[in-house]
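Here is a friendly briefing to read alongside the structure. Keep the 3D view open and follow the topics one by one.

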Amino acid sequence: MSRTYPHLFSPLDIRGHDIRNRILSTGHQTYLARGNLPSDDLIAYHETRAKGGVGLIINEAARFHASTLGEAPDLALLSDDAIPHYARLATAVHRHGAKLFGQLSHSGRVTRRMMNGMRGVVFAPSPTPENRFHVVPREMPTEMVAEIIASASEGGRRYAEAGYDGVELMASHGLLFAQFLNPSVNRRQDIYGGSPENRLRPLRESLIGVRRAVGADIVVGLRISADEADEGGLDQETVLGICRQLSEEGLVDYVNTTLGTMSSLGGSIHVVPPMEIPPAYVADKAAAIRAVVSVPVFVAGRINQPQVAEGVLAAGEADMCGMTRALIVDPDMPRKAREGRPDEIRACIGCNQACIGHFHAGHSISCIQNPSTGRELRLPPSVPVVRRSLKVLVAGGGPAGMKAAVTAAEMGHRVILSEATPRLGGQALLAQLLPDRFEFGGLVTNLATELALRQVDVRLNSRVDRAVVEAIAPDGVILATGSAPVGSETEGREAGHVIEAADLLAGRAEPGARAVVADWRCDWIGIGVAIQLSRKGHHVRLAVNGICAGQNLQQYVRDHWAGKLHEAEIEVIPYARFFGADGDTAYFLHGASGQPIVLEGTDTVVLASGNAPDTALEHELKGADVPFVTIGDCTIARSAEEAIYDGVATTRAFLAQLAENVTSAVKGAE
Ligand code: SF4
């Protein structure tokens, strides 16, 4: 029992399965499966979290019917041949004392399903248009619905035979069972449509079938959105009635609550809510369900710290907390919390960039703060010191340099981290100044904690040049000197009409009353600056050099901010490439037509431009007798994700090679 988190670390018994704590990794797509089956990578991913102390893992949605089969990196459970592959995953998770449930899912109309580059045939309860993937599905024949219900039972049986502890049916997020439940989607006239009882029939009969198939010892649970948070989506009252009935009938052993729907842009923001949404914001809705059911209730939704989860549990709002991203960023979070080391936990900042962001881009999930996630078997190994530790100088204390220093120290080397300014953090310090994005600064806090734990020699106000390198005489130098805005060669700059977003955020420049943000980046910065200026009373227009504001952001983040821009009545001008400013006019070219876009009544243009690498030290060290490597933005400006990845992967590879060279030289001299 943990004294700090007594509720979080109390066990939970469900149908005789003793779950060691209340920390849950909810079902989430990883794109780590191969051939629709658990791969070595997926097994390593979950095993790492089981080892870190999570109580319960629910593996991602496995498709249980061919009509919803996704691409190879999605899981499926369509034949008994799959059972041994799932059994390997179950064995790996159980080895470390965690429990494992498996999700069963059918997407119905909510799908971007592609086969060989072509859109697939999509079936749903009714041909009701879907608002996110732009699908008008075919109506499922009645006999197909019966077949799908039977397939769910088969999927459940396969999980049970693979050694899983439980099976979870997904009726959440506007997926197939939710589509049947929803009268604005389900317009059927047969036994699966019309009355509430008929609309519940597919889910109810599937739960009965799964129970029959798995026997009495396996947990059977339900995932459902407590509210789909969308016009035309399932509302809270309807969901409460469904949960109450299924609980009273003894058809579910637990209810796993979430929010939102995948079938609309606004509703899908809640699938993986970004940092702009407050922590544990679904807890009150879970509590409402808990009040009408007699089984444990799970809840997810920005529960990113053990103290947040403890609060939810202590308040009696839920019985278990989904902390999926908290585990993605720090698989050892449960163990650290239980051992009374909460300060060592690397907290999720809700950026969505490399977890759901990678998945949406068709890549295996990872984490901007933890490059090992999704690459458990792939990163260069952390080779410990063998003969003697090296003296390593890291030049630059942004995310890349901080992570490189931590990585080098973890390998056993003596590290000096020199930062030219008074503070560590680099551009992350500016990013956290954008509206509602202060949590981004958590990335710097997390890295600073890691530096302190490894007792790295951090030197602030300490610019590195060739003379400094020669004085320190390190075995190797890691250059992490960052980048600076590339700006724009434009008319108007010298007259004060054009300023940099970075200067504005840092308080080094003041805009006038009527500003245009020239957003070349199409990420957070242009949007954030526009919102900030609007909140301060400026008239703002946002001219983006792309198809929409936030084009390069993860979709849920982008859409959250699209809503905020609309609420703030900020005019967004797409396809606008900045050309220049003159008097009270800003000039752009339309990115497709090449025609001018003239924005009169503009007294300031705020540039959200790209960055160019700072290569000064790299040039200085060329020819010097010291090995060095560049990482992060001073190689090429990208994002914090690549900076931190370099800080781990490039640093490990560089130091392993350096150690080998030093060892060879010493041996040669002996
Ligand atoms: Fe959290 Fe961002 Fe990592 Fe995703 S990528 S787990 S949101 S820190």
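The shell around the ligand has eight nonpolar residues, three polar ones and one charged one. Please keep in mind that this is a predicted model. The ligand's surroundings come first below, followed by the cavities and then two sheets.

**Around the ligand**
- Which residues surround the ligand? They are Arg-325, Ile-328, Cys-348, Ile-349, Gly-350, Cys-351, Asn-352, Ala-354, Cys-355, Cys-367, Ile-368 and Gln-369.
- The one charged residue of this shell is Arg-325.
- The three polar residues are Gly-350, Asn-352 and Gln-369.
- As for where the ligand sits, the space it takes is the largest cavity.

**Cavities**
- How many cavities of 30 Å³ or more does the structure hold? There are two.
- The largest cavity contains about 90 Å³ of space. It is lined by 14 residues, and the closest to its centre are Cys-348, Cys-351, Cys-355, Cys-367 and Ile-368.
- By class, the lining of the largest cavity splits into nine nonpolar, four polar and one charged residues.
- The second largest cavity contains about 40 Å³ of space.
- Lining the second largest cavity are Ser-67, Thr-68, His-106, Ser-107, Gly-108, Thr-111, Arg-113, Val-121, Val-122 and Phe-123.
- In that second lining, six residues are polar, three are nonpolar and one is charged. The charged one is Arg-113, and the nonpolar ones are Val-121, Val-122 and Phe-123.

**The five-strand sheet**
- In what order do the five strands of this open sheet run? The order is β21-β28-β22-β23-β24, and the pairing is parallel.
- At the edges stand β21 (498-500) and β24 (571-573); each has a single partner strand, so one side of each is left without a neighbour in the sheet.
- On average, neighbouring strands of this sheet are turned by 25° against each other, with direction ignored.
- Three bridges link β21 with strand β28 (residues 604-608), and the two pair in the parallel sense.
- To find this pairing in the viewer, look for Glu-500, which stands opposite Leu-607 in β28.

**The three-strand sheet**
- Three strands make up another open sheet, ordered β25-β26-β27, and here the pairing is antiparallel.
- Which strands are at the edges? They are β25 (576-582) and β27 (596-600), each pairing on one side only.
- Neighbouring strands of this sheet are turned against each other by 25° on average, direction ignored.
- β25 runs antiparallel to strand β26 (residues 585-590), and six bridges join the two.
- One residue pair to look up here is Ala-581 and its bridge partner in β26, Ala-586.

Notes. Residues numbered from 1 in each chain as written. Predicted model: local features only at pLDDT ≥ 70, side-chain atom pairs only at ≥ 80, totals over all residues. Heavy atoms only, no water. Near = heavy atom within 4 Å. 1 Å grid on protein atoms, 1.4 Å probe; cavity = no way out; pocket = protein on both sides within 12 Å on 5 of 7 lines; lining within 4 Å. Sits in = over half its atoms within 2 Å of the grid points. Pairing = 2+ DSSP bridges. Helix = DSSP H or I, 4+ residues; strand = E, 2+ residues; numbered from the N terminus. Axes fitted to C-alpha atoms, helices over the stretch in contact; angles between N-to-C directions. Points joined across faces, edges and corners; volume = space filled by probe spheres on them.
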